[in-house]
Amino acid sequence: MPRLLLALLLLVPLAHALAAEPLDGAVAAYQRGDYPQALPVLRAQAEAGDPVAQVYMGLAYYNGHGVAEDDAVSLDWFRRSAEQGYAEGQFQLGYMYVYGFGVPAAELDPEGQAARWFHEAAVQGHAEAQFNLGLLLLAGSGVERDEAEAMRWIELAAQNGSAGAQRFTGTFK
């Protein structure tokens, strides 16, 4: 019995590595613009619940990369990723909300959805989400205006490499 357990424990990292290979290859294909190769794998992985693949499907529909541009479908893919706690999905969903892309009129940020999703990603260290959250706080858009909290997020974003935040604060790495 201990040998069987050990064998199973040794297979877990191998299984994870094998599962990551198709996704890694699909992401690389997407990034070089080979959408016919990338999208079937990304779609299968996204439908199986992979939050990274869901973000790429959202980007494909947002940009019309290999599929017809469709902000509502893009929003749905980003939401699926965001609801799993994936920071990039949360950032992308916040972006869609802040600009209203694909968002039904009844959902247009009545409760600060953009700020909510930027905050979810920001606390995970997502620099662009930190910067965008800071800007919303500075403007009082969807949240109560709080200049001190805004600058805290913007400065953190600058420290974490956000070029926009670095330009905003005048600090460059």
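Which residues touch the most other members of the largest nonpolar core? In this predicted model, local features were considered at pLDDT of at least 70 and side-chain atom pairs at pLDDT 80 or more, whereas totals for chains, interfaces and linings use all residues. Residues are numbered from 1 along each chain as its sequence is written, and side-chain values use heavy atoms, with hydrogens and water left out.

The chain contains nine helices and zero strands, so that its elements read α-α-α-α-α-α-α-α-α from the N terminus on; helices (H or I, at least four residues) and strands (E, at least two) are DSSP runs, numbered from the N terminus. Of the 173 residues, 36% count as buried. Here buried denotes under 20% relative accessible area, exposed over 50%, and partly exposed the range in between, for a 1.4 Å probe and protein chains only. Among contacts in the chain with a separation of 6 or more, 44% join residues 24 or more positions apart, a contact being heavy atoms within 4.5 Å.

The largest nonpolar core comprises 22 residues, of which L93, Y97, F118, A129 and L133 touch the most other members. A nonpolar core is defined as a set of buried Ala, Val, Leu, Ile, Met, Phe, Trp, Tyr and Cys residues joined through side-chain atoms within 4.5 Å. At least two residues of this core come from each of α4 (71–82), α5 (87–99), α6, α7 and α8, and the greatest contribution, six residues, is that of α6. Apart from this core lies another, of 17 residues, which includes A29, A60, Y61 and W77. When residues up to four places away in sequence are not counted, L93 touches L75, F78, R79, A82 and W117.

Helix α8 spans residues 147–159, and its 13 residues reach 18 Å from the first C-alpha to the last, close to the 18 Å expected at 1.5 Å a residue. The expected span is 1.5 Å times one less than the number of residues. Its buried residues are A150, W153, I154, A157 and A158. Viewed down the axis of α8, these buried residues fall within an arc of 140 degrees and therefore line one face of the helix; the arc is that of the directions from the helix axis to the C-beta atoms. The packing partners of the buried residues are α6 (113–122), α7 (127–139) and α9 (163–169). On the other side of α8, A148 and Q159 are exposed.

Both ends of α8 show local features. At the N-terminal end, D146 acts as a cap, with a side-chain oxygen 3.3 Å from the backbone nitrogen of A148. Just after α8, G161 adopts a positive phi of about 100 degrees. A polar contact also involves A158, whose backbone oxygen is reached by the side chain of Q166 at 3.0 Å. Such a contact is a pair of N or O atoms within 3.5 Å; within protein, one must be able to donate a hydrogen and the other to accept it, and residues adjacent in sequence count only if both atoms are side-chain atoms. Q166 lies in helix α9 and, at 10% relative accessibility, counts as buried.

In helix α7, E128 is partly exposed, with a relative accessible area of 30%. Its contacts, not counting residues up to four places away in sequence, are F91, S162 and A163. E128 and A163 are 35 residues apart in sequence, yet their C-alpha atoms are 8.7 Å apart in space.

Three salt bridges were counted, under the criterion of a side-chain nitrogen of Lys or Arg within 4 Å of a carboxyl oxygen of Asp or Glu. One of them joins R80 and D76, with the closest N and O atoms 3.0 Å apart. These two residues are four residues apart in helix α4 and are thus separated by about one helical turn. R80 is partly exposed at 35% relative accessible area, as is D76 at 31%. A salt bridge within α8 links the side chains of E149 and R152 (2.9 Å, N to O); being three residues apart in that helix, E149 and R152 are likewise separated by about one helical turn. E149 has a relative accessible area of 26% and R152 one of 42%, and both are partly exposed. An α-helix has 3.6 residues a turn, so residues three or four places apart point the same way. R145 and E147 also meet through their side chains in a salt bridge (3.8 Å, N to O). R145 is partly exposed at 48% relative accessibility, and E147 is partly exposed at 46%.
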